[in-house]
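Here are my notes on the model you sent over. Have it open while you read.

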Amino acid sequence: MSESWRRSRDAGVDVDVRAAPLVYDRDVLADARGAHPLDRHVPMLEELLRGVADETEHLMVITDDAGHVLWTQGPPAARRAADAIGLTDGFRWSEDAVGTNGIGTALASGRAEFVYAAEHVAHILHGWSCAGAPITDPDSGRVIGCIDVSATVDALHPATVALVAAAARLAEARLENEMRQRDERLRDRLLPHLRGLGGSGVLVTATGRVLAAGPDAAAPGPAGWRGLRLAVPEAGGTVTLPDGRTAVAEPLGEAFLLRPTAAPGRAAGGEPLRSALRPGGRRGAAAPARRLLTLSFLGDGRPEARLDGRPVPLTLRHAEILALLALHPRGLSGDRLALYLYGDDGSPATVRPEIHRLRERLDGVVRARPYRLGCAVEADFLTVRRLLDDGDVAGVVRLYTGELLPCSDAPAIRDERDELAVRVRRQALDRGGADALWTYAQTEPGRDDLEALERLRAVLPPDDPRLPAVASRSDRLLHGRL
């Protein structure tokens with residue numbers, strides 16, 4: 001415990017502190033719970049601990065990664081005693097708040113901890129013992145919370161630390177199962193793009209985990225990278241692969257396709273690749289690759305398009321056409337496309353020359369009768385729509401960097417832009433926790449959204465370093481000083 005005591009001393013913890021500090025009022029606690037990855041697993045953890053812990057004396061506590069208590073369960077007598085020291089919903093139990101304790105120390109050390117009586121820094125806690133274990137998100141590798149069992153000194157056995165450690169591992173297993181299901185859905189949708197690179201590319205999640213790398217999952221070299229964690233990619237940036245090559249990161253919504261900068265068909269060191277990825281992972285001649293068009297049309301930056309990784313310069317009108325064709329994969333007639341672009345004043349004769357120029361830029365992937373895209377399409381706005389339908393608020397606010405083609409005045413683009421903005425805002429406000437709201441507040445629409453800022457101001461803990469910036473921006477908007 002000496003390291004924990006040192007951290008507590010360095011944080012200036014008062015040994016005479018009377019209780020943990022309150023960080024979440026009741027009206028915002030539900031938002032913090034709903035936004036946490038453990039929310040849907042709490043019933044399982046409660047049932048597990050109810051079956052093995054002493055229901056008459058033990059208190060179960062689940063926190064987020066900062067030690068903020070989100071859920072508690074226990075008998076009335078234990079809850080009354082815990083309320084007196086702030087060991088209840090909405091209070092903070094990090095080491096820098098109350099010193100050495102089962103929750104804060106487990107979060108700081110990254111391992112299960114048992115803290116007995118006078119091992120606590122705060123004198124008020126000397127009548128308590130607690131066992132806590134951190135829970136790590138298998139996707140990001142970050143600690144996302146802690147599960148703790150606390151009781152009075154005589155009521156908690158040191159072996160309880162094994163119980164909470166097992167409960168934490170079970171929660172992580174549940175999270176990993178969800179992650180694997182998401183991974184399989186991504187692979188099913190995105191593997192054709194990887195096959196199109198002849199086995200030399202890498203498919204990674206937004207958190208940098210390798211989803212797939214050809215040519216063959218059982219072969220040495222790149223195929224054995226599945227599950228490794230690389231540096232988190234940035235769109236258009238470079239990533240160093242395990243074999244030393246660099247690759248350009250092409251965004252595919254929830255994932256990235258890493259295109260090696262080495263010569264196509266050759267591995268690191270100049271050796272030719274001996275196989276290509278085929279459906280089912282068999283060796284042999286690769287299936288004809290379907291071309292891939294990626295569109296980045298959200299935010300205030302210039303609209304970006306890439307065809308098989310190659311940047312394609314776009315005018316705003318061409319970006320509008322591509323957005324509409326991506327939104328209507330079955331195609332649009334000339335009349336319908338003209339209506340969507342120009343309103344009632346449009347005509348197919350106006351559209352045809354634009355389509356002709358666009359087809360030349362995109363090597364003929366724009367087809368006619370009806371107008372459609374004859375290639376695979378990955379677009380940031382389509383991914384946001386899909387995540388909205390799935391209720392993935394964290395994914396939505398991460399990808400929604402701003403409005404769809406904000407400079408466009410095409411009627412159909414305006415309608416889609418407005419609908420997307422309203423849905424993103426509503427989910428961020430109704431279902432987003434502090435992190436999701438903060439991410440949304442960094443977008444152009446969220447920056448001046450007073451309701452979102454006030455909501456964020458309410459859910460951020462008093463010691464959160466983001467709070468002053470939120471409060472300042474909110475006050476300026478509230479008082480009209482823009």
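The points below go through the sheets, a helix pair and the nonpolar cores.

1. A quick reminder before anything else: this is a predicted model, so take every value here as computed from it.

2. Start with the five-stranded sheet. It is open, its strands run in the order 7-6-10-9-8, and the pairing is antiparallel. At the edges you'll find strand 7 (210-213) and strand 8, each with a single partner strand, so one side of each has no neighbour in the sheet. Ignoring direction, neighbouring strands are turned by 30° against each other on average.

3. Which helix packs on that sheet? Look at helix 7 (residues 160-195), which touches strand 6 (202-205), strand 7, strand 9 and strand 10. The direction of helix 7 makes about 35° with that of strand 7.

4. Now zoom in on strand 8 (residues 238-240) and strand 9 (residues 246-252), which run antiparallel and are joined by three bridges. One pair to click on is threonine 240 with its bridge partner in strand 9, threonine 246. The two strands make a hairpin with five residues between them, and in the turn glycine 244 has a positive phi of about 95°.

5. Strand 9 also pairs with strand 10 (residues 255-260), again in the antiparallel sense, over six bridges. Here proline 251 sits opposite phenylalanine 256 of strand 10. This hairpin has two residues between its strands, and glycine 253 takes a positive phi near 75°.

6. The other sheet to look at is also open, with four strands in the order 13-12-11-16 and mixed pairing. Its edges are strand 13 (310-312) and strand 16 (376-379); each has a single partner strand, so one side of each is left without a neighbour in the sheet. From one strand to the next, the twist averages 25°.

7. Within that sheet, strand 11 (residues 292-296) and strand 16 run parallel, with four bridges joining them. If you want a landmark, find threonine 294, which stands opposite glutamate 378 in strand 16.

8. How do helix 8 and helix 10 (residues 348-361) pack, and at what angle? Their axes are 10 Å apart and meet at an angle of about 85°, which makes helix 8 roughly perpendicular to helix 10. Helix 8 brings Arg317, His318, Ile321 and Leu322 to the contact, while helix 10 brings Glu354, Ile355, Arg357, Leu358 and Arg361. Sorted by class, that gives four nonpolar, one polar and four charged residues.

9. On to the interior. The largest nonpolar core has 92 residues, and Ile147, Phe297 and Phe381 have the most contacts inside it. Helix 8 (residues 316-327) gives the most to this core, with eight residues.

10. Phenylalanine 381 is worth displaying with its surroundings. Leaving out neighbours within four places in sequence, phenylalanine 381 is in contact with Leu295, Phe297, Leu298, Ala323, Ala326, Leu327, Leu404 and Leu420. One of these, Phe297, is itself among the residues with the most contacts inside the core.

11. Finally, there is a second, separate core of 19 residues. Leu59, Val69, Ile85 and Phe91 are among its members.

Note on methods: Residues are numbered from 1 along each chain as its sequence is written. This is a predicted model: local features need pLDDT of at least 70, side-chain atom pairs count only at pLDDT 80 or more; totals for chains, interfaces and linings use all residues. Side-chain values use heavy atoms; hydrogens and water are left out. Two strands pair if DSSP finds at least two bridges between them. Axes are lines fitted to C-alpha atoms, for helices over the stretch in contact, and angles run from 0 to 180 degrees between N-to-C directions. A nonpolar core is a set of buried Ala, Val, Leu, Ile, Met, Phe, Trp, Tyr and Cys residues joined through side-chain atoms within 4.5 Å. Buried means under 20% relative accessible area, exposed over 50%, partly exposed in between (1.4 Å probe, protein chains only). Contact means heavy atoms within 4.5 Å. Angles under 35 degrees count as roughly parallel, over 145 as roughly antiparallel, 65 to 115 as roughly perpendicular and the rest as oblique. Ala, Val, Leu, Ile, Met, Phe, Trp, Tyr, Cys and Pro count as nonpolar, Asp, Glu, Lys and Arg as charged, and the others, Gly among them, as polar.
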